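Me: I should like to go through this structure by question and answer, beginning with how its helices pack and ending with the ligand.

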Amino acid sequence: MNSSDTSATAFSTLIRTASHDAHTEAETTTFMSDMLGGRLGVDAYARYTEQLWFVYEALESGAQRLADDPVAGPFLRPELLRLAALERDLAHLRGAGWRSTLAALPATKAYAARVADCARTWPGGYVAHHYTRYLGDLSGGQIIRDKAERTWGFSRKGDGVRFYVFEGITNPAAFKRGYREMLDRVRVDDLEKQRIVAECKRAFALNTAVFRALGDEFPLSA
Ligand code: HEM
């Protein structure tokens, strides 16, 4: 069987396999490596968290219009919503006036605009962005949380890392299995599946571009 044969491969497998290289690229950017290596200050983490706010604002405000959509609707689960948690983290990281200094990098603006665009015009594309962020947060996100707690002394699962804590998901592994089953049941044809996979790769590339921009802003003094 050819691994790119859309009809014979479960869609969840297809999308994971197809985005594997893009995942490695995002994961190994200088910024991510420096962050996970404990080499960056808390200001870099705060700046990163600010960028996430713009992405989740686009994902979650755009979701409302998709609630009844047959393709994207089933993925919209309230226990995934991250914006409120991000706002608590930002209040902790930046203080009560966090909104007044919030600023998106150009790469973040481009990412959020693409998400908003998909939410408005293309439910399948929205699913690609939804998968890329939320399944990632439930997976590698937990590694980032652990590292952030150790590096900057946030209390375990407390203020500063609430974004990574899914209070409504007691069993992330089971949730991810259910999510993959939803991907496998998604009601689109093979061509649309290929388009969704391509959008997923684009979503990873948009993340990588944000990390590169953050890496430029927070270079390590050698
Ligand atoms: C240093 C950062 C990262 C680490 C250490 C990491 C680690 C991981 C690990 C260990 C898994 C597998 C979990 C499992 O099989 O259940 C995973 C899955 C995933 N990650 Fe990451 N990741 C990182 C960054 C990212 C980024 C930046 C994104 C995209 C924005 C992302 C998106 C995903 C997705 C979508 C999955 C689910 C794959 C699937 O099962 O379909 N990850 N990550």
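Me: In this predicted model, at roughly what angle do the axes of H1 and helix H11 (residues 190-217) cross?
Reply: The axes of H1 and H11 come within 9 Å of each other. Their crossing is right-handed. The angle between them is roughly 35 degrees.

Me: How many nonpolar residues does the contact of H1 with H11 have?
Reply: From H1, the contact draws on Phe-11, Leu-14, Ile-15 and Ala-18. H11 contributes Lys-193, Val-197, Cys-200 and Lys-201. By class, 2 residues are charged, none is polar, and the nonpolar ones number 6.

Me: Is Arg-16 buried or exposed, or in between?
Reply: Arg-16 lies in helix H1 (residues 11-18), and the unreviewed UniProt entry lists Arg-16 under "binding site". A residue counts as buried from 20 C-beta neighbours within 10 Å and as exposed at 12 or fewer. Arg-16 has 17 such neighbours, and therefore it is partly exposed.

Me: What is the exposure class of His-23?
Reply: His-23, also listed under "binding site" in that UniProt record, belongs to helix H2 (residues 20-27). Because 19 other C-beta atoms lie within 10 Å, His-23 is classed as partly exposed.

Me: Which element gives the most to the shell around the ligand?
Reply: The ligand is surrounded by 17 residues, with Arg-16, Ala-26, Gly-136, Ser-139 and Gly-140 the closest. Two or more residues each come from H2, helix H3 (30-36), helix H8 (123-138), helix H9 (140-152) and H11. By class, the shell has 7 nonpolar, 6 polar and 4 charged residues. The element that gives the most, with 5 residues, is H8.

Definitions and conventions
Residues numbered from 1 in each chain as written. Predicted model: local features only at pLDDT ≥ 70, side-chain atom pairs only at ≥ 80, totals over all residues. UniProt positions renumbered as here; feature names shortened; annotations may be inferred. Helix = DSSP H or I, 4+ residues; strand = E, 2+ residues; numbered from the N terminus. Axes fitted to C-alpha atoms, helices over the stretch in contact; angles between N-to-C directions. Left-handed = near helix turned anticlockwise from the far one by under 90°. Contact = placed C-beta atoms within 7 Å. Nonpolar A, V, L, I, M, F, W, Y, C, P; charged D, E, K, R; others polar. Near = placed C-beta within 6 Å.
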